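Here's a quick walk through one chain, heading by heading. Have a look at the model first, then read on.

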Amino acid sequence: MTDAASPPAAPPLPPRRKRRTKPEPPAPYCQWEYVEPELTPALTPEQVRELYAADHIEALRRWKRSVPRRPHHCRVGTSYYPEADRSVPYIRLRGGWLAQAGFVAGDQVRVEFLRDALVLSRIPPPPPPPEMPKRRSRKPSWRD
């Protein structure tokens with residue numbers, strides 16, 4: 001039984017023919033050939049000593065560069081305060097020699113004025129607060 005409202009079924013389509021394509025050429029023959037690398041000649045003991053000496057000299061140069069150099073002098077510059085509309089002197093200090101002197105980033109510094117000198121001293125950090133004894137919590141028991 002067919003519904004009067006549905007259209008009649010379409011006839012099936014005939015199968016499509018496959019297109020002929022060119023066959024892919026075969027992969028070219030590949031043969032791997034292992035080539036031994038040329039061996040470098042071993043160093044003579046004299047050459048080894050020369051290399052070690054050059055490395056040692058370079059290490060000494062690097063070590064000398066890593067030792068902080070203390071400044072012989074600093075220049076006082078000027079900075080501008082826009083709120084007060086005036087220039088003020090300033091001194092900028094930086095270098096590894098500050099760490100050698102015991103200053104660390106974040107330290108507080110005391111500045112003292114003497115006749116022709118400024119004395120900078122590190123203010124030691126306050127001691128940590130003493131640890132409070134831990135309160136023992138009462139564990140619930142099965143008897144409660």
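## The one salt bridge

Let's start with a term: a salt bridge here is a side-chain nitrogen of Lys or Arg within 4 Å of a carboxyl oxygen of Asp or Glu. By that rule, this predicted model holds 1 salt bridge. The partners are R122 and D107, and their closest N and O atoms sit 3.8 Å apart. The pair ties together distant parts of the chain, with the two positions 15 residues apart in numbering: R122 belongs to strand β4, while D107 lies in the loop between α2 (96-100) and β3.

How open are the two ends? R122 has a relative accessibility of 36%, so it counts as partly exposed. D107 comes in at 25%, so it is partly exposed too. The cut-offs behind those labels are under 20% for buried and over 50% for exposed.

## The chain as a whole

Stepping back, you'll find 2 helices and 4 strands in the chain. Read from the N terminus, they come in the order α-β-β-α-β-β.

How much of the chain is buried? Of its 144 residues, just 3% count that way. The chain exposes about 16,400 Å², and carbon and sulfur atoms supply 57% of that area. As for contacts, take those between residues at least 6 apart in sequence: 16% of them join residues at least 24 apart.

## Hairpin one: β1 and β2

Now for the strands. β1 and β2 pair in the antiparallel sense, with 5 bridges between them. If you want to trace the register, G77 has Y90 in β2 as its bridge partner, and S79 stands opposite V88 in β2.

The turn is worth a look. The hairpin of β1 and β2 has 4 residues between the strands, and D85 there takes a positive phi near 55 degrees. Most residues other than glycine have a negative phi. D85 itself is found in the loop between β1 and β2 (86-90). Is D85 buried or exposed? It's exposed, because its relative accessible area is 56% and the exposed label needs over 50%.

## Hairpin two: β3 and β4

The other pair, β3 and β4, also runs antiparallel, joined by 6 bridges. These strands form a hairpin with 4 residues between them. Within it, V109 stands opposite R122 in β4, and R122 is the residue that forms the salt bridge with D107.

## A nonpolar patch on the surface

Which residues make up the nonpolar patch on the surface? They are V76, I91, L93, V109, V111, F113, L118 and L120, and together they have about 720 Å² of accessible area. Two elements give two or more residues to the patch: β3 (108-113) and β4 (118-123). β3 gives the most, with 3 residues. So the second hairpin turns up again here, since V109, the patch member, is the residue that stands opposite R122.

V76 comes into the patch from elsewhere: its place is in the loop between α1 (45-66) and β1 (77-81). With a relative accessibility of 51%, V76 counts as exposed, because the label applies over 50%.

Methods
Residues are numbered from 1 along each chain as its sequence is written. This is a predicted model: local features need pLDDT of at least 70, side-chain atom pairs count only at pLDDT 80 or more; totals for chains, interfaces and linings use all residues. Side-chain values use heavy atoms; hydrogens and water are left out. Patches are made of residues with over 30% relative accessible area and no salt bridge: like charges are joined within 9 Å, nonpolar side chains (Val, Leu, Ile, Met, Phe, Trp, Tyr) within 5 Å. Accessible areas come from the Shrake-Rupley method with a 1.4 Å probe; for residues, only the protein chains shown count as cover. Buried means under 20% relative accessible area, exposed over 50%, partly exposed in between (1.4 Å probe, protein chains only). Contact means heavy atoms within 4.5 Å. Two strands pair if DSSP finds at least two bridges between them.
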